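Trainee: I'm new to this structure and would like a close look at one part of it. Start small, then show me how that spot connects to what lies around it.

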Amino acid sequence: MTGVLKYPILIFVNLISYMKIPDLDSNLAEFVGVLLGDGSIGRYECRAGDKIKIQYRVKVTGDAKEDLLYFMDFLLPFMAELFDKEPLIRFKRKEQTVELM
């Protein structure tokens, strides 16, 4: 892929709400490999007015130029099917990265 992307991408999977627990099979093993190589798991405090919500996220980050097609054509639908939840996609322009959460 050549050129500079105008928008960075980010995809989030919220571990707390409405997520299918996947079977222990080769698909889960594939996802664990992706997560170990390019992913992270985190706990975040998000403020909404005077309330603090706790969010747990699984995030996979890649280069916006080199990894975009892999993220869009394979990883996004793969994660959606594995967890029965559509991941969030976000581009991070300054870092030239794409993320799935």
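Trainee: What is the relative accessibility of Gln 96, and does that make it buried, exposed or partly exposed? From there, please walk me back along the chain to the rings of helix 2.

Mentor: Gln 96 has 21% relative accessibility, so it counts as partly exposed (under 20% relative accessible area is buried, over 50% exposed and in between partly exposed, with a 1.4 Å probe and protein chains only). Bear in mind that this model is predicted, so local features need pLDDT of at least 70 and side-chain atom pairs pLDDT 80 or more, while totals for chains, interfaces and linings use all residues. Residue numbers start from 1 along each chain as its sequence is written, and side-chain values use heavy atoms, without hydrogens or water.

Gln 96 sits in the loop between strand 4 and strand 5 (DSSP runs, numbered from the N terminus: E for strands of at least two residues, H or I for helices of at least four). Its backbone has a little quirk: phi is positive, about 55°, although Gln 96 is not a glycine.

Step back into strand 4, residues 89–92, and you find Arg 90. Arg 90 is partly exposed, at 40% relative accessible area. Its C-alpha atom is 8.4 Å from that of Met 101, which is eleven residues away along the chain.

Before strand 4 comes another loop, the one that joins it to helix 2, and Asp 84 lies there. Asp 84 also has a positive phi of about 55° without being a glycine. At 58% relative accessibility, Asp 84 counts as exposed.

Now you've reached the rings. The model has four aromatic pairs (ring centres of Phe, Tyr or Trp, using its six-membered ring, within 6.5 Å; planes under 30 degrees apart are stacked, over 60 edge-to-face, the rest tilted). One of them joins Tyr 70 and Phe 74, stacked with 5.4 Å from centre to centre and 25° between the planes. Because these two residues are four apart in helix 2 (residues 68–83), about one helical turn separates them. Tyr 70 is partly exposed at 36%, and Phe 74 is partly exposed too, at 32%. Phe 74 also stacks with Phe 78, at 5.1 Å between centres and 20° between planes. That pair again lies four residues apart in helix 2, about one turn. Phe 78, though, is buried, with a relative accessible area of 12%. Ring pairs tie Tyr 70, Phe 71, Phe 74 and Phe 78 into a cluster.

Phe 71 leads you inward. The largest nonpolar core has 16 residues, and Phe 71 is among those with the most contacts inside it, along with Phe 31, Leu 75 and Leu 100 (a core is a set of buried Ala, Val, Leu, Ile, Met, Phe, Trp, Tyr and Cys joined through side-chain atoms within 4.5 Å). Two or more core residues come from each of helix 1 (26–38), strand 3, helix 2 and strand 5 (97–100). Helix 2 gives the most, with eight residues. In soluble globular proteins, nonpolar side chains tend to be buried together.

Strand 3, residues 51–63, also holds Tyr 56. Tyr 56 is partly exposed, at 31% relative accessible area.
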